Amino acid sequence: MFSAFLSLMTVLLAGGEPAAPGPSVRTMEFEQRLIVRVPVRPQLRGRLHWEEEDFGPKCLPLNAIAGASLAGRDGIDFMLRNRQRVRAKLDSECRGLDFWDGFYIQPEDRRICARRDAISSRAGGTCEINRFRMLSPRLELEQ
């Protein structure tokens with residue numbers, strides 16, 4: 001039990017999963033329109049998994065986002081610079097898997113807000129963000 005706790009603390013202090021090298025979040029401004037391209041990193045498998053909490057922010061500041069990864073059929077996990085994770089829950093008819101190659105966001109005020117902003121896939125699909133949920137790391141114990 002103590003070794004599992006120690007392993008969890010080591011993972012948490014190390015920031016969870018190691019950051020994969022690759023493209024970074026980029027912002028572009030065209031004629032007063034801000035477009036943010038967010039690359040999607042592969043979901044790393046291991047003993048650590050992320051559980052949704054019952055609460056989350058209404059908006060995320062753009063400068064807090066470090067990257068994203070797919071979160072099953074109806075969500076995308078935003079990895080924040082402060083090593084927290086927030087899950088964006090999408091419309092029920094949208095599939096998170098459609099955004100495997102990254103996505104674009106056009107926020108109004110340098111914040112991404114639930115029930116206001118939508119994400120656009122590189123293939124052309126668009127989905128509204130219904131809500132955000134904070135994520136907590138959980139260590140899967142070996143059985």
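Q: Which residue in β8 is the bridge partner of Gly-75?
A: This is a predicted model, and everything below is read from it. Gly-75 is a residue of β7, and β7 pairs with β8 in the antiparallel sense. Looking across to β8, the bridge partner of Gly-75 is Lys-89.

Q: How many bridges pair β7 and β8?
A: Besides Gly-75 with Lys-89, Asp-77 has Arg-87 as its bridge partner in β8. The two strands run in the antiparallel sense, and their pairing extends over five bridges.

Q: Which residue in the turn between β7 and β8 has a positive phi?
A: β7 and β8 form a hairpin, with four residues between them. One residue in that turn has a positive phi of about 75°, and its name is Arg-83.

Q: Which residue in the hairpin of β6 and β7 takes a positive phi?
A: β7 has another antiparallel partner to look at, β6, and five bridges join these two strands. Ala-68 has Phe-78 in β7 as its bridge partner. The hairpin of β6 and β7 has four residues between the strands, and the positive phi near 80° belongs to Gly-72.

Q: Are the two faces of β7 covered or uncovered?
A: Let's take one side at a time. Gly-75, Asp-77 and Met-79 are on one side, and each of them is buried. Ile-76, Phe-78 and Leu-80 lie on the other side and are buried too. That fits the count of six buried residues out of six, and both faces of β7 are covered.

Q: Why is β8 described as largely enclosed by the rest of the structure?
A: A residue is called buried when its relative accessible area is under 20%. In β8, Arg-85, Arg-87 and Lys-89 on one side are buried, as are Val-86, Ala-88 and Leu-90 on the other. β8 is largely enclosed because the number of its residues that are buried is six of six.

Q: Which residue in β12 stands opposite Arg-87?
A: β8 also pairs with β12. These strands run antiparallel and are joined by six bridges. Across from Arg-87, on β12, stands Arg-133.

Q: Which element gives the most residues to the largest nonpolar core?
A: The largest nonpolar core has 27 residues, and those with the most contacts inside it are Phe-78, Phe-103, Ile-119, Ile-129 and Phe-132. Elements that give two or more residues to it are β2, β6, β7, β8, β9 and β12. With four residues, the element that gives the most is β12.

Q: Which residues does Phe-55 contact, leaving aside its neighbours within four places in sequence?
A: Phe-55 is found in the loop between β4 and β5. Its C-alpha atom is 9.3 Å from that of Arg-131, although the two residues are 76 apart along the chain. Leaving aside neighbours within four places in sequence, Phe-55 is in contact with Phe-132, Arg-133 and Met-134.

Q: How many disulfides does a search of the whole structure find?
A: A disulfide is a covalent bond between the sulfur atoms of two cysteines. Cys-59 is joined to Cys-113 in this way, and Cys-94 to Cys-127. Searching the whole structure gives a total of two.

Q: How many residues apart are Cys-59 and Cys-113?
A: Their disulfide has an S to S distance of 2.0 Å. Cys-59 sits in strand β5 and Cys-113 in strand β10, and the pair links distant parts of the chain. Along the sequence they are 54 residues apart.

Q: Is the disulfide of Cys-94 and Cys-127 left-handed or right-handed?
A: The sulfur atoms of this pair are 2.0 Å apart. Cys-94 lies in the loop between β8 and β9 while Cys-127 is in strand β12, so the bond ties together parts 33 residues apart in sequence. The torsion about the S-S bond is about -110°, so this disulfide is left-handed.

Q: What is the pairing of the bonded cysteines when they are numbered in sequence order?
A: The disulfides join Cys-59 to Cys-113 and Cys-94 to Cys-127. With the bonded cysteines numbered in sequence order, the pairing reads 1-3, 2-4.

Notes: Residues numbered from 1 in each chain as written. Predicted model: local features only at pLDDT ≥ 70, side-chain atom pairs only at ≥ 80, totals over all residues. Heavy atoms only, no water. Disulfide = S-S within 2.5 Å. Core = buried A, V, L, I, M, F, W, Y, C linked by side-chain atoms within 4.5 Å. Buried < 20%, exposed > 50% of the residue type's maximum accessible area, 1.4 Å probe, protein only. Contact = heavy atoms within 4.5 Å. Pairing = 2+ DSSP bridges.
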